Amino acid sequence: STSNTSNETAANESSSEKKGGILKVVRLSDATNLDPHFITDIPSANVLYQKVYETLVTFNKEMEIVPGLAKSWEQPDETTWVFTLNEGITFHDGSKFNAEAVKKTFERLLEPNTGSPQRDKLSMIKEVNVLDEYKVELKLSAPYAPLLSILASNEGSILSPKSLEENPDTLSKHPVGTGPFKFESWKSGESITLIKYDKYWGEKPNIDGIEFSVVPEEATRLAMIETGEAHITDQVPVTEIERIESSDTINLYRTEGLAVEYVGFNTQKAPFDNVKVRQAISSAIEREAIIKGIYNGVGTLANSAMSPKVFGYSKNIKPYEYDPNKAKQLLKEAGFEDGLELTLITSDRKERINMAEVIQSQLKGIGVKVDIQVLEYGAYIEAVDSGEQDMFIGGWGNATGDGDYNQYNLFHSSSHGSPGNHFFYTNEKVDKLIEQARKETNPEVRKQLYEEAMTIEMEEAVYIPIRNYEHLAVYNNDVKNFWLNAVNYLMVNEATIE
Amino acid sequence: MSKEVVLEVSNLKTHFSSKNGVTKAVDGIDFVLHESETLGIVGESGCGKSMTSLSILRLVPSPPGEIVDGTISLKGKNILQMSEKEMRHVRGNQISMIFQEPMTSLNPVIPVGEQIAEAIRVHQRLNKKEAWKKAVEMLELVGIPSPEKRAKQEPFQLSGGMRQRVMIAMALACNPEVLIADEPTTALDVTIQAQILKLMKDLQKKLNMGIIFITHDLGVVAELCDKVAVMYAGQIVEYSTAEQLFTNPKHPYTSGLMSSLPKLHEDQEELQTMKGNVPSPYDMPKGCRFSPRCPLATAQCHVEEPSLNTLDDGSQIRCFLYSQNIQQKGVEAE
Amino acid sequence: MTTTLTKRKPILEIKGLKQYFPVKRESLFQPRQEVKAVDDISFTLFEGETLSIVGESGCGKSTTGRAILQLDKPTEGTIKYNGVDLNSLSKKEMRKMRGDIQVIFQDPFASLNPRQTVRKILKEAMTIQKVVPPSQQEKRMRELLDYVGLPIISLDRLPHEFSGGQRQRIGIARALAVNPKIIICDEAVSALDVSIQAQILNLLKRLQKEFHLTYLFISHDLSVVRHISDRVMVMYLGKLVEVGSKHQLFQQPAHPYTKALLSAIPVADITTKSRERIILKGDVPSPLNPPSGCKFHTRCPLATELCKAELPPMIGNEGHFARCHYLQ
Amino acid sequence: MTSELKVEEIQPALTESKTSLFRERMKQFWESFSKNKAAVLGGAIVLIYILVAFFAPLLASYDPYEIDLTNKLQPPSMEHWMGTDDKGRDILARILYGSRLSMGVGFAAVTFGAFFGIIMGLVAGYYGGWLDTIISRILDVMLAFPGILLALAIISALGPSLINVMIAVGVFSIPLFARVVRGSMLETKKLEYIDAIRSLGANDATIIFKHILPNILSPIIIQGTLRLATAILSAAGLSFLGLGAQPPSPEWGTMLSNGRDFLFSAPYMAIFPGLAISILVLGFNLFGDGLRDALDPRLKS
Amino acid sequence: MAFYIFRRLLEVIPVVFGVTLVVFFIMQMVPGDPAVILAGEGASKEAINLLREELGLNRPLYVQYGDYIMNVFQGDFGTSLKSQQPVLQEVMARLPITIELAFYSTLITIVLGMTAGIISAVRPYSATDITVMIVALLGISLPSFWLGLLLMYVFSVQLQILPVAGWDSILHIILPALTLGVGGAAIVARMTRSSMLEVVRQDYIRTARAKGLKGIVIIYKHALRNALIPVITVVGLQFGALLGGTVLIESVFAINGLGRMIIDSIRMRDLPMVQGGVLIASLVFVFVNLFVDILYRFFNKRIELN
Ligand SMILES: Nc1ncnc2c1ncn2[C@@H]1O[C@H](COP(=O)(O)OP(=O)(O)OP(=O)(O)O)[C@@H](O)[C@H]1O
Ligand SMILES: Nc1ncnc2c1ncn2[C@@H]1O[C@H](COP(=O)(O)OP(=O)(O)OP(=O)(O)O)[C@@H](O)[C@H]1O
Ligand SMILES: [Mg+2]
Ligand SMILES: [Mg+2]
Ligand code: NI
């Protein structure tokens with residue numbers, strides 16, 4: 001059948017109000033951990049986000065921040081945020097949701113001994129104060145514009161104070177939140193089941209529960225949707241979209257994501273310390289061919305390292321045009337008249353390997369010989385973190401939807417290596433712009449600052465933007481009214497099963 | 001003799017073909033076997049004794065071996081024309097065989113008792129238990145101590161002699177009409193040998209079994225056999241009753257054999273031997289095959305091949321020395 | 001007689017040789033069972049003599065031979081070759097030693113590598129023990145074949161192309177190829193027809209004289225044994241029961257078992273068909289469960305209670321010993 | 001005892017007959033081999049593959065590396081006999097070029113694995129006792145060891161290269177050969193002719209390699225010829241670790257697994273490399289069988 | 001025998017040492033830091049260091065290994081770095097599934113492989129033989145995931161008579177077991193055939209014929225048992241390999257087995273999980289091979305144990 005455009009819920013709105021049923025979701029990987037403070041991967045977060053756990057504020061389909069557990073919020077000064085909470089909410093274990101719960105949650109996250117890998121993201125919070133039962137105040141060490149977007153993300157989940165007190169260790173396998181579904185069971189490596197929480201404070205979901213099952217093989221997942229053994233699967237091979245779109249029994253759901261893919265240069269390593277070389281390579285890659293030929297039209301041509309859905313995006317950034325002659329010219333200027341040999345590393349994701357092959361073939365056109373080195377995930381990470389790479393294919397997922405999480409990690413000089421700056425890019429001006437944007441409260445000014453930073457990055461040809469992600473899901477005719485948010489979280493509050 | 005003929009072999013030829021030419025392992029053999037009769041076959045090693053017996057059971061390895069001519073009739077029925085199914089009924093039941101090589105002829109991984117019981121079960125309507133019991137009895141019969149225990153052992157756990165007795169037990173288990181024993185007692189000590197020979201004689205009496213006894217132990221032949229065929233290079237050179245053979249060996253080869261025997265009651269520094277060697281199967285001498293080694297050979301012997309002639313006393317000899325008294329009688333001399 | 005024996009130089013001394021084989025137990029709780037294939041035998045082989053071992057099948061003759069060859073490690077006992085304990089030799093020394101002690105196996109079918117031609121078999125034997133320089137090997141091979149009475153053309157044939165007796169001769173040729181000092185002939189001529197047997201026996205005798213070979217000759221064929229041996233050893237159920245010179249043994253057998261053996265010899269003489277025989281009664285006992293006392297008592301015509309109770313010692317003189325309570 | 005005994009005159013044509021006899025044996029071998037139609041067919045297949053590997057550049061009419069995304073996933077046609085892959089490359093050309101890589105990896109890995117595996121199996125089976133224990137347990141560990149981990153270890157120790165992929169795949173094969181050899185050895189060493197050669201004083205190496213090994217060749221040949229297929233396939237499995245042939249190398253195993261996404265939409269992407277492997281393995285099996293039969297004296301004539 | 005088994009079981013101890021030591025050092029050698037991988041995208045160096053400390057990864061290697069091995073001998077296999085769950089629990093959740101799958105696959109391997117091998121051996125070089133052989137060879141050069149997907153497409157998607165994936169009922173077992181079984185069957189068939197061809201030339205087969213046994217009895221009772229040693233070996237290898245897990249088929253049929261667990265853990269550099277998985281897999285191998293050795297002895301008493 002035909003595909004939905006982004007931001008539309010799947011299928012028709014006039015849901016025939018069929019209630020009940022367990023929604024069966026099949027996906028590539030199992031969760032690794034169910035404690036939001038320790039989760040670093042989407043498959044884990046997807047189980048919990050707005051299903052088991054809720055956040056003070058949240059995103060709507062347009063990626064705008066809207067109230068969640070907090071009714072409203074205000075910012076008395078640049079470093080103080082006060083949230084007024086909804087009343088009458090209980091956690092799945094019966095404990096009460098109130099300011100104390102919020103305080104306990106954040107204090108646990110911020111306590112260094114907890115060892116949360118997410119602590120950094122909220123480390124600007126200096127203290128959490130309970131103003132009254134339903135009012136909580138966050139004191140920041142410095143102005144920090146992206147705060148709300150982080151609070152709206154999985155890291156901002158509010159955990160049951162009872163669990164936190166009694167046995168915080170069990171949270172990793174038995175989450176307790178306030179969401180519409182409560183955790184039922186987890187068969188490691190196999191499936192996770194959630195069931196409807198009857199005392200949910202908000203609009204109760206139509207379905208009785210969700211079962212997330214692990215089915216690593218793409219073809220198998222599709223077959224399960226086709227035969228009705230499952231309802232929804234998220235990761236879908238791009239090579240199959242025509243077949244899915246022309247099928248009567250299964251449907252394709254597509255939505256624009258927050259992530260981007262790019263080819264990065266190690267700006268500190270010869271010959272890429274020479275901006276001309278980077279520009280030459282940038283001009284020699286025909287990006288449209290990759291989107292069409294490799295991605296089968298899934299995703300859009302990226303113009304920067306930031307996707308259009310992220311706050312701070314600007315369409316004014318203009319990547320290098322495909323111009324092999326100019327590329328050759330630039331190479332010549334850089335002193336590589338006789339060509340150049342370099343290594344392109346990529347992780348073992350199929351599409352990226354394919355992309356590498358196409359890039360290799362395109363660069364051959366300007367006399368650059370590329371050796372492709374496919375690395376297993378762990379080895380890839382180590383390679384790009386260490387700065388030994390020449391050129392790599394990378395991507396940046398952006399779970400908060402804010403430009404800071406993009407620009408700061410990717411391009412700030414303090415982020416070299418593991419935090420995300422695998423280009424080992426250093427530019428004081430860019431650093432300053434990013435820092436400024438972090439503190440700026442006026443959204444329009446922030447956008448301006450990001451645009452400026454991105455323009456410099458593009459001029460210096462730090463990377464070649466390739467593709468803005470598009471998330472795909474395949475579902476069968478039985479399921480209606482679910483949606484995928486831009487992070488690729490499955491949203492099922494209104495979903496129905498026939 | 002008025003006894004019935006059970007097995008008649010005529011003009012049997014079994015040849016092996018190979019790159020180097022054709023080995024005529026069995027080259028025109030005739031004999032008859034009556035019930036309750038024991039026919040001894042003696043002869044040089046390699047002269048075709050085993051192949052003759054294998055031919056009778058149609059077990060000549062093929063290729064390269066092949067029965068190229070002749071008839072073998074079991075009670076009037078030509079074995080060579082039987083179907084494989086009929087043949088199965090003959091094997092082990094009507095004709096059974098004790099193979100020469102006890103180590104390799106027993107299945108190395110099956111308990112010996114089972115190997116006997118199995119033969120019993122194919123031909124007799126007995127259940128597993130009964131067959132096993134019978135197998136143990138048979139082992140006891142051939143003089144194997146603790147037969148129940150031994151029955152459960154595998155061939156490698158038995159001594160050479162025991163293995164041979166297992167073969168014997170197996171062959172006798174179904175009370176065959178014809179028993180072909182290919183050097184059955186070579187590995188046995190004389191007391192056991194005596195026991196086995198007695199057993200065979202007793203069974204023969206009871207079942208009227210015809211026995212073909214292949215051996216080179218002339219002592220055993222003297223003790224057991226009624227008739228004897230002496231073979232040389234694929235052919236029978238002398239065929240007579242045991243008495244005639246031992247009292248009056250006629251063919252020079254036969255007398256050579258007799259004189260080669262070590263004597264039990266006198267010391268000899270050296271045993272008498274025949275000069276020369278068995279001829280190569282690929283390179284048979286012209287004329288009489290024994291002529292190169294024959295002390296009495298004449299010029300005729302070296303060019304002309306003698307035929308098997310029946311003498312007055314009923315014995316048949318393949319030698320020109322006796323061709324003067326050729327008698328155009330049938331093979332049957334009695 | 002005594003004098004000649006003492007003068008001779010012992011070449012192989014076997015002391016207290018035992019070889020037990022474990023037998024599968026039916027259940028875990030059953031006591032451990034063993035076949036006492038060879039149960040404490042001692043004897044000496046003198047240089048240049050032929051010592052025969054006779055005895056009923058399964059009494060441990062081959063096992064004795066295999067133990068001397070160190071093919072199976074004996075359970076107990078020492079074997080000294082020229083005064084050297086074979087057990088004390090290093091692997092390398094043992095390998096060299098093996099050239100001196102050769103064997104002709106009972107079963108010619110199993111003892112030849114099916115993939116080797118006669119030429120390879122002989123050549124290998126010569127090469128391993130380095131007895132003949134390569135240039136002489138071809139000549140030597142032809143010689144050997146001639147000794148054992150096989151045509152030269154056999155050289156390039158494979159074992160399966162021969163008859164039983166012919167294979168046995170290949171085995172003999174192989175043993176001779178390395179110029180051994182001692183040859184253990186385990187039924188070496190049993191599979192041969194009489195004319196070849198005579199040739200081989202003559203050959204063995206001739207070789208013995210010329211090269212001062214020593215034979216341990218295992219056979220059932222008492223006429224052959226009588227012909228070839230200097231001394232004869234009789235075994236019964238893993239034990240020695242009588243040993244003596246050929247004449248002593250054949251003319252004045254002391255042990256009832258030896259007597260029975262001698263009387264059972266088939267004779268190639270039609271006239272003696274109705275000869276007086278000692279027919280043994282009773283079951284052949286099992287080495288798994290050997291009788292108490294004298295092992296022969298279950299079948300012995302002379303047995304008494306004493307025999308059941310006590311193992312008789314080896315007694316006798318002038319090199320003629322027997323293990324019986326009632327020696328005349 | 002050489003000279004004393006009278007022997008007839010030694011034939012003069014002695015040495016000559018020796019060489020001619022060797023020739024005779026070879027001829028016999030060839031005759032029994034060539035009589036086996038299947039074996040000859042197998043030999044021919046293998047030969048053709050080797051020739052293809054040799055002359056790939058002459059045979060291929062397209063560049064196996066030339067990406068043409070506009071021309072992707074063309075079904076087989078007169079132009080592209082085996083169609084084009086998902087990047088528009090001619091599959092036939094890739095298979096032709098890939099023969100060098102895949103066969104090279106396959107052979108080298110199997111040879112490596114067989115060499116060490118056979119030796120380990122022979123030693124373990126022949127000597128038994130603690131040597132067997134140690135070797136067998138090492139083999140257990142090797143078998144249980146995840147291939148990926150082993151491969152990762154090899155790259156991190158030796159770095160990524162084609163040779164190391166052969167070593168990696170070869171190492172996986174060692175226990176397979178070793179266990180088969182050990183099993184057969186346990187059986188064969190108990191045969192009497194081994195005793196016979198032992199009592200001649202042959203050293204262990206002679207016994208093992210000359211007398212036992214030829215008699216247990218047939219399971220080795222089978223394991224080897226079949227292992228070739230799995231070796232080619234597992235080499236592909238390692239390329240994503242950065243080990244071995246990196247894209248865009250036209251390695252058969254990799255082509256085959258890339259075809260997996262197009263199992264239904266473009267089956268030819270996988271069928272042809274799959275067939276290339278199958279036929280090669282078939283050829284080797286037939287050849288191996290023929291070889292074994294020709295080497296077996298009991299089957300002569 | 002009992003003693004022999006006991007002694008073999010004792011050998012497990014050095015195997016445990018060996019396996020853990022090798023796994024441990026390989027995992028150290030392999031690029032990719034568990035802390036970095038676990039910390040996820042964008043983690044700061046401090047966060048990574050903190051995590052490393054939390055996981056005990058910054059202790060000296062010998063301390064890490066020593067602690068680990070001490071704990072193993074006390075039955076504690078550690079906790080997963082990734083999920084913080086006890087390793088033993090994770091492994092044991094998957095082991096029964098893996099064993100079940102391996103068992104059924106091996107059954108299919110034996111039945112298919114030996115039957116095909118025997119059919120081939122009875123008439124060597126006949127049309128049947130050649131057909132069987134070609135099918136077997138296609139079987140072995142056809143990657144298992146392919147066969148799996150093909151079977152799934154036919155039986156689950158088109159015919160809809162079997163479930164696509166999962167592991168709830170015997171119906172779920174059929175396709176994966178078949179897929180794995182067929183691959184192994186090829187090699188078993190070839191081994192059986194060649195081994196049988198050797199055996200049918202032996203003298204004792206002649207003896208069996210001389211007894212008047214039927215061809216089929218000769219084949220199954222007399223020939224097969226003697227031909228079994230190399231066949232048992234490869235079946236044992238096959239079974240063992242399946243017990244170590246078969247990532248591809250586990251993925252295709254979404255079976256939560258040991259193989260996938262080990263691979264996933266390797267990718268996450270989750271050392272305790274890898275250790276646990278590999279350790280259990282090797283122990284299982286030790287048992288399988290012990291069993292194979294006992295089988296050798298069962299089928300051929302001449303083979304001495306130890
Ligand atoms: N498979 C074979 N290929 C070629 N020739 C063979 C084969 N089997 C036997 N022969 C030949 O057939 C002839 C007769 O062999 P056979 O086994 O009948 O001898 P035999 O009389 O039983 O000797 P023995 O007393 O030594 O057992 C021999 O010359 C032998 O070489
Ligand atoms: N490997 C073995 N395992 C168990 N028992 C064995 C083994 N080898 C021999 N025996 C037993 O040892 C005893 C002696 O066997 P041996 O082969 O020495 O007898 P032998 O005197 O040579 O007999 P024969 O004259 O029949 O060859 C027999 O009872 C036999 O069953
Ligand atoms: Mg014979
Ligand atoms: Mg013996
Ligand atoms: Ni990083």
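**Exercise 1. The ligand 2 site**

Find the backbone contact that C:G58 makes with ligand 2 in this predicted model, then work out which chains build the site.

*Solution.*
Step 1. Start at C:G58. A backbone N or O atom of this residue lies 2.7 Å from an oxygen atom of ligand 2.
Step 2. Turn to chain B. A polar backbone atom of B:Q157 is 2.5 Å from an oxygen atom of ligand 2.
Step 3. Add a side chain. In B:R150, a polar side-chain atom lies 2.9 Å from an oxygen atom of the ligand.
Step 4. Widen the view. Ligand 2 has 22 residues around it, and those that come nearest are B:Q157, B:G161, C:G58, C:S62 and C:T63.
Step 5. Conclude. The surrounding residues come from chains B and C, so the site is shared between chains.

**Exercise 2. The ligand 1 site**

Which residues are closest to ligand 1, and which chains surround it?

*Solution.*
Step 1. Take the closest residues. They are B:S45, B:G46, B:S50, B:Q100 and C:G165, out of 18 that surround ligand 1.
Step 2. Check the backbone of B:K49. One of its N or O atoms lies 2.8 Å from an oxygen atom of ligand 1.
Step 3. Check B:M51. A polar backbone atom of this residue is 2.8 Å from an oxygen atom of the ligand.
Step 4. Cross to chain C. An N or O atom in the side chain of C:R157 is 3.5 Å from an oxygen atom of ligand 1.
Step 5. Conclude. Chains B and C both supply residues around ligand 1, so this site too is shared between chains.

**Exercise 3. Chain contacts**

Which pair of chains shares the most contacts? Then examine how chain A stands to chains B and C.

*Solution.*
Step 1. Eight pairs of chains are in contact, and chains B and C share the most contacts among them.
Step 2. Try chain A with chain B. No contact joins them, and their closest C-alpha atoms lie 47 Å apart.
Step 3. Try chain A with chain C. Again no contact is found, with the closest C-alpha atoms 43 Å apart.

**Exercise 4. Helices α4 and α6 of chain D**

Classify the packing of α4(D) against α6(D), and give the hand of the crossing.

*Solution.*
Step 1. Locate the helices. α4 covers residues 129-144 of chain D, and α6 covers residues 162-188.
Step 2. Read the geometry. The axes come within 9 Å and cross at roughly 135°.
Step 3. Classify. The angle lies outside the parallel, antiparallel and perpendicular ranges, and α4(D) and α6(D) are therefore oblique to each other.
Step 4. Assign the hand. The crossing is left-handed.
Step 5. List the partners. From α4(D) come D:D132, D:S136, D:L139, D:D140, D:M142 and D:L143; from α6(D) come D:V171, D:I174, D:P175, D:L176, D:A178, D:R179 and D:R182.
Step 6. Sort them. Eight are nonpolar, one is polar and four are charged.

**Exercise 5. Helices α3 and α9 of chain D**

Repeat the analysis for α3(D) and α9(D): what is the hand of the crossing?

*Solution.*
Step 1. Locate the pair. α3 spans residues 91-127 of chain D and α9 spans residues 217-239.
Step 2. Read the geometry. The axes are 8 Å apart, and the helices pack at an angle of about 130°.
Step 3. Classify. α3(D) and α9(D) are therefore oblique to each other.
Step 4. Assign the hand. α3(D) passes α9(D) in a right-handed crossing.
Step 5. List the partners. α3(D) contributes D:S102, D:V105, D:G106, D:F107, D:A109, D:V110 and D:I118, while α9(D) contributes D:I220, D:G224, D:R227, D:L228, D:A231, D:I232 and D:A235.
Step 6. Sort them. Ten are nonpolar, three are polar and one is charged.

**Exercise 6. Backbone exceptions**

Place A:P271, D:P248 and C:N82 in their loops, and describe the backbone at each.

*Solution.*
Step 1. Recall the background. Most peptide bonds are trans, and most residues other than glycine have a negative phi.
Step 2. Inspect chain A. The bond joining A:A270 and A:P271 is cis, with omega about 0°. A:P271 sits in the loop between β12 (250-265) and α7 (275-284).
Step 3. Inspect chain D. A cis bond runs from D:P247 to D:P248, with omega near 10°. D:P248 is in the loop between α9 and α10 (252-258).
Step 4. Inspect chain C. C:N82 is not a glycine, yet its phi is positive, about 50°. Its loop lies between β4 (76-81) and β5 (84-85) of chain C.

**Exercise 7. Chain E**

How many helices and strands does chain E have?

*Solution.*
Step 1. Count the elements. Chain E has 14 helices and zero strands.
Step 2. Take the extent. Its C-alpha trace spans about 80 × 55 × 30 Å along the principal axes.

Conventions: Residues are numbered from 1 along each chain as its sequence is written. Chains are lettered from A and ligands numbered from 1 in the order in which they are written. This is a predicted model: local features need pLDDT of at least 70, side-chain atom pairs count only at pLDDT 80 or more; totals for chains, interfaces and linings use all residues. Side-chain values use heavy atoms; hydrogens and water are left out. Axes are lines fitted to C-alpha atoms, for helices over the stretch in contact, and angles run from 0 to 180 degrees between N-to-C directions. Helices (H or I, at least four residues) and strands (E, at least two) are DSSP runs, numbered from the N terminus. Angles under 35 degrees count as roughly parallel, over 145 as roughly antiparallel, 65 to 115 as roughly perpendicular and the rest as oblique. A crossing is left-handed if the near helix is turned anticlockwise from the far one by less than a right angle, and right-handed if clockwise. Contact means heavy atoms within 4.5 Å. Ala, Val, Leu, Ile, Met, Phe, Trp, Tyr, Cys and Pro count as nonpolar, Asp, Glu, Lys and Arg as charged, and the others, Gly among them, as polar. A residue is near a molecule or strand if one of its heavy atoms lies within 4 Å of it. A polar contact is a pair of N or O atoms within 3.5 Å; within protein, one must be able to donate a hydrogen and the other to accept it, and residues adjacent in sequence count only if both atoms are side-chain atoms.
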